[in-house]
Amino acid sequence: MSRDPLVVGHVVGDVLDPFVKIASLRVFYSNRELTNGSELKPSQVANEPRIEIGGRDIRTFYTLVMVDPDSPSPSNPTKREYLHWLVTDIPETTNATFGNEVVCYESPCPTAGIHRFVLVLFRQSVRQTVDAPGWRSNFNMRDFAAFYNLGPPVAAVFFNCQRENGCGGRRYQPGSGWN
């Protein structure tokens, strides 16, 4: 069984196909670096994170997408892959503020259960115009990547978030899905 946190957390499968990480993606909320599976409250993620993309070639560009695959609740994700943020044309060696914000950051604020919030980085083959979808609910990462010829992700990270007064951790019971 894989020890990759993206596989264990069912990000690979629910949101992404298996991929090989080939880029450096660092995500910071209030100067705290995000690690896969971090537990954060809505108050900690109210403002957009600082995104750092490693590398040395400012002529290489990336697209960053943030989704909630558990919307509106993990037991009934009828709005699966709710789009929280979309930034394109981020130059390597910089952060998301140098990119083109296509869909503005919407603070995670789950009302039921523990949600996974997934940030995915794609390397662009060219700078291109990306249109904002007409909706945030039921965004599809795979379809988006295929439509804009982005190829597989080059990096991804996720965190768990529940309502401010929520308690407990995410539990997986084989055969029953997320609880």
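How many of the residues of β8 are buried? In this predicted model, nine of the 10 residues of β8 are buried, and the strand is thus described as mostly covered. The mean pLDDT of the protein is 90, with 91% of its residues at 70 or more. Over residues 170-179 pLDDT stays under 50, and the model has 18 contacts beyond four places in sequence for this segment. Where pLDDT is low, the predicted coordinates should not be read in detail.

Strand β8 pairs with two strands considered here. With β5 the pairing is antiparallel and extends over seven bridges; within this pairing Thr-63 stands opposite Phe-122 of β8. The strands β8 and β9 also run antiparallel and are joined by seven bridges. Leu-121 has Ala-155 of β9 as its bridge partner.

An open sheet is formed by three strands in the order β2-β1-β4, with antiparallel pairing. The edges of this sheet are β2 (32-33) and β4, each of which has a single partner strand, so one side of each is left without a neighbour in the sheet. The antiparallel pairing of β1 (residues 25-29) with β4 comprises four bridges, and that of β1 with β2 comprises two bridges. The strands β1 and β2 form a hairpin with two residues between them, and Ser-30 in the turn has a positive phi of about 50°. Of the five residues of β1, four are buried, and the strand is mostly covered. In β4 (residues 50-53), the covered face carries Ile-51 and Ile-53, whereas Arg-50 and Glu-52 are on the uncovered face. Val-27 stands opposite Ile-51 of β4.

Phe-28, located in β1, has bridge positions on both of the strands that flank β1 in the sheet order: Phe-28 stands opposite Arg-50 in β4 and opposite Glu-33 in β2. Beyond four places in sequence, the residues touched by Phe-28 are Glu-33, Pro-49, Arg-50 and Glu-52. Phe-28 and Glu-52 are 24 residues apart along the chain, and their C-alpha atoms are separated by 8.3 Å. With a relative accessible area of 8%, Phe-28 is buried; the cut-off for that class is under 20%.

Which nonpolar residues touch the most other members of the largest nonpolar core? This core contains 25 residues, and those with the most contacts to other members are Ile-51, Trp-85, Leu-119, Leu-121 and Phe-159. At least two residues of the core are supplied by each of β1, β4, β5 (61-68), β6 (82-91), β8 (115-124) and β9 (155-161). The largest share, four residues, comes from β9. A second core, separate from this one, has 24 residues, including Phe-19, Leu-83, Val-130 and Ala-156. Ile-51, listed above for the largest core, is also on the covered face of β4. Leu-121, from the same list, is the residue that has Ala-155 as its bridge partner in β9.

Outside the strands, Val-45 lies in the loop between β3 (38-40) and β4. Val-45 is buried, with a relative accessible area of 0%. When neighbours within four places in sequence are left aside, Val-45 is in contact with Tyr-29, Leu-40, Tyr-105, Ser-107, Pro-108, Phe-159 and Cys-161. One of these contacts, Phe-159, is listed among the residues that touch the most other members of the largest nonpolar core. Another, Ser-107, is 62 residues from Val-45 in sequence, with a C-alpha to C-alpha distance of 6.4 Å.

The volume of the largest pocket is about 230 Å³. The pocket is lined by 15 residues, of which Lys-21, Leu-25, Asn-36, Ala-156 and Val-157 are the closest to its centre. Both β1 and β9 supply at least two residues of this lining. Ala-156, among the lining residues closest to the centre, is also a member of the second nonpolar core. Strands β1 and β9 thereby recur in two settings: each supplies at least two residues of the pocket lining, and each likewise supplies at least two residues of the largest nonpolar core.

Methods. Residues are numbered from 1 along each chain as its sequence is written. This is a predicted model: local features need pLDDT of at least 70, side-chain atom pairs count only at pLDDT 80 or more; totals for chains, interfaces and linings use all residues. Side-chain values use heavy atoms; hydrogens and water are left out. pLDDT is the predictor's confidence in each residue, from 0 to 100. Contact means heavy atoms within 4.5 Å. Buried means under 20% relative accessible area, exposed over 50%, partly exposed in between (1.4 Å probe, protein chains only). Two strands pair if DSSP finds at least two bridges between them. A nonpolar core is a set of buried Ala, Val, Leu, Ile, Met, Phe, Trp, Tyr and Cys residues joined through side-chain atoms within 4.5 Å. On a 1 Å grid over the protein atoms alone, a cavity is a set of points where a 1.4 Å probe fits but cannot get out, and a pocket is an open set with protein on both sides within 12 Å along at least five of seven lines; lining residues have an atom within 4 Å of a point. Grid points are joined across faces, edges and corners, and a volume is the space filled by probe spheres set on the points.
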